Amino acid sequence: MALLSFDMKRNPAQARTSLLVLLALMIVFPFIAQQFGNSWVRIMDMALLYIMLALGLNVVVGFAGLLDLGYIAFYAIGAYTAGLLASPQFAAVLESFVNTYPAVGNFLVMVCGPEIVQNGIHLSLWVIVPLSALIAAIFGALLGAPTLKLRGDYLAIVTLGFGEIIRIFMNNLNAPVNITNGPQGINLIDPIRVFGVSLAGEPGSGSMVKIFGMTTPSVNAYYFLFLLLCIAVIFFSIRLQDSRLGRAWVAIREDEIAAKAMGINTRNVKLLAFAMGASFGGVAGAMFASFQGFVSPESFSLTESIAVLAMVVLGGIGHIPGVVLGGVILAALPEVLRHVVEPLQMSLFGKVWIDAEVLRQLLYGLAMVVIMLTRPAGLWPSPRHEDRPEADHPHSGAAVGEVKA
């Protein structure tokens, strides 16, 4: 990683140059990739959403050292918030209330009005996004409150249970009142609109978006929006890391007892870590729902939580550029393998010996095992040892001044 440096304190000139080069590559990418089909740009769209998730989890795991295996729950909360507030689903909720609890249902119908009863709620996504972040942050604090005294494996088990509870709730909240539509999910979610322009393309346009007189595929329009959001999340993450609160998180990660002895309010700082990390997940979830136009509980399984955690650990826990790299690799690599595995077997052997899905998962798992064995600190660990978790420090097991026998 010597060619790219993002350390603004030690080498600001090289950091600015690296940022400009990387930004130029990211801007040019969709125009080059679309020559090989829109699917490659769509893969990067999903990778950018995963980067937002990984950066949010990095606040909890990387900065504060709190192992969270249920982070995907906040992604689900953001997605279902967008699903309820930007689709016809709310009309089904009102109808369900009227049929099940007539008194409550009739009151809600009177409050909401005939238009919502017929068509549901269709708020602008730019109202839904901060609302999703707020709701996810509240749930993050609710998760953090009962786990303040837990560490390590115990914390991981509790957060894992929380993630599964949210998924099961989304899967079963279709009776007695149909809120989430159960396993069928919520569809017909409104696409994102920017200054009145639908990023999904107008009906009959063939998913083409007209911006400033130019026509571009819908996946390209979403790509640039998600890229802007990723830049914003990276900016906030950097500011958090360098802030007084960020240093308090690092102090808790390294030694919670010492941090408490130095006057840090560990309870409030931990709750802030859970809430701030969750808010990033809520934003990513709202974007995912509007991008897909559909959400269902299947998208928020434990496997997804583990994948996001793997992005943080594989890239370089606590190091923002490393987390971004891990997000890109683990979000894009499986899809690249999906397109490459079968053609490669055909060219080498003349037939497909192993199914693409099986071989893809095998190579994916093997790559992670090899990398963790050869680079346990991640592909791109922080150049400053003080920003790495204690376990990643060289000779971290030896005390200062210790003389070996």
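Q: Buried means under 20% relative accessible area, exposed means over 50%, and partly exposed lies in between. On that scale, does E256 count as buried or exposed?
A: The model is a predicted one. The relative accessibility of E256 is 14%. The limit for a buried residue is under 20%, so E256 counts as buried.

Q: Which residue meets E256 in a salt bridge?
A: A salt bridge needs a side-chain nitrogen of Lys or Arg within 4 Å of a carboxyl oxygen of Asp or Glu. The side chain of E256 has such a partner, with an N to O distance of 3.3 Å. The partner counts as partly exposed because its relative accessibility is 49%. The residue is R151.

Q: How many residues apart are R151 and E256?
A: R151 sits in the loop between helix 7 (125-144) and helix 8 (152-172). E256 belongs to helix 11 (residues 256-261). The pair therefore links distant parts of the chain, and the separation is 105 residues.

Q: Which residue is linked with R151 and E256 in a network of salt bridges?
A: The structure holds 4 salt bridges. R151 and E256 form one of them, and both also belong to a network. The other residue linked in this network is K270.

Q: E164 and R167 are separated by about how much of helix 8?
A: E164 and R167 form a salt bridge, with their closest N and O atoms 2.9 Å apart. R167 counts as partly exposed because its relative accessibility is 24%. Both residues lie in helix 8, 3 residues apart, so the separation is about one helical turn.

Q: What is the N to O distance in the salt bridge of R253 and E254?
A: R253 counts as buried, because its relative accessibility is 15%. E254 has 24% and so counts as partly exposed. Their side chains meet in a salt bridge, and the N to O distance is 2.9 Å.

Q: Which helix gives the largest share of the nonpolar patch?
A: The patch is formed on the surface by L23, I27, V28, F31, I32, F36, L228 and I231, with about 760 Å² of accessible area together. Helix 1 (12-33) and helix 9 (218-241) are the elements that give two or more residues to it. The largest share is 5 residues, and it comes from helix 1.

Q: Does L228 count as buried or exposed?
A: L228 is placed in helix 9 and is one of the residues of the nonpolar patch. Its relative accessibility is 58%. The limit for an exposed residue is over 50%, so L228 counts as exposed.

Q: Which residues touch the most other members of the largest nonpolar core?
A: This core has 98 residues. Helix 2 (residues 38-63) gives the most to it, with 17 residues. The residues that touch the most other members are F226, W249 and M287.

Q: Leaving aside neighbours within four places in sequence, which residues is F226 in contact with?
A: Contact here means heavy atoms within 4.5 Å. With those sequence neighbours left aside, the contacts of F226 are D45, L48, L49, M52, I192, M287 and F291.

Q: What distance separates the C-alpha atoms of E335 and M170?
A: E335 lies in helix 14 (residues 320-349). Its relative accessibility is 24%, so E335 counts as partly exposed. E335 and M170 are 165 residues apart along the chain, and their C-alpha atoms are separated by 27 Å.

Q: Over which residues is the pLDDT below 50?
A: The mean pLDDT of the protein is 84, and 91% of its residues reach 70 or more. One stretch has a pLDDT below 50, and beyond near neighbours in sequence this stretch has 4 contacts in the model. The stretch is residues 394-405.

How values were computed
Residues are numbered from 1 along each chain as its sequence is written. This is a predicted model: local features need pLDDT of at least 70, side-chain atom pairs count only at pLDDT 80 or more; totals for chains, interfaces and linings use all residues. Side-chain values use heavy atoms; hydrogens and water are left out. Patches are made of residues with over 30% relative accessible area and no salt bridge: like charges are joined within 9 Å, nonpolar side chains (Val, Leu, Ile, Met, Phe, Trp, Tyr) within 5 Å. Accessible areas come from the Shrake-Rupley method with a 1.4 Å probe; for residues, only the protein chains shown count as cover. Helices (H or I, at least four residues) and strands (E, at least two) are DSSP runs, numbered from the N terminus. Buried means under 20% relative accessible area, exposed over 50%, partly exposed in between (1.4 Å probe, protein chains only). pLDDT is the predictor's confidence in each residue, from 0 to 100. A nonpolar core is a set of buried Ala, Val, Leu, Ile, Met, Phe, Trp, Tyr and Cys residues joined through side-chain atoms within 4.5 Å.
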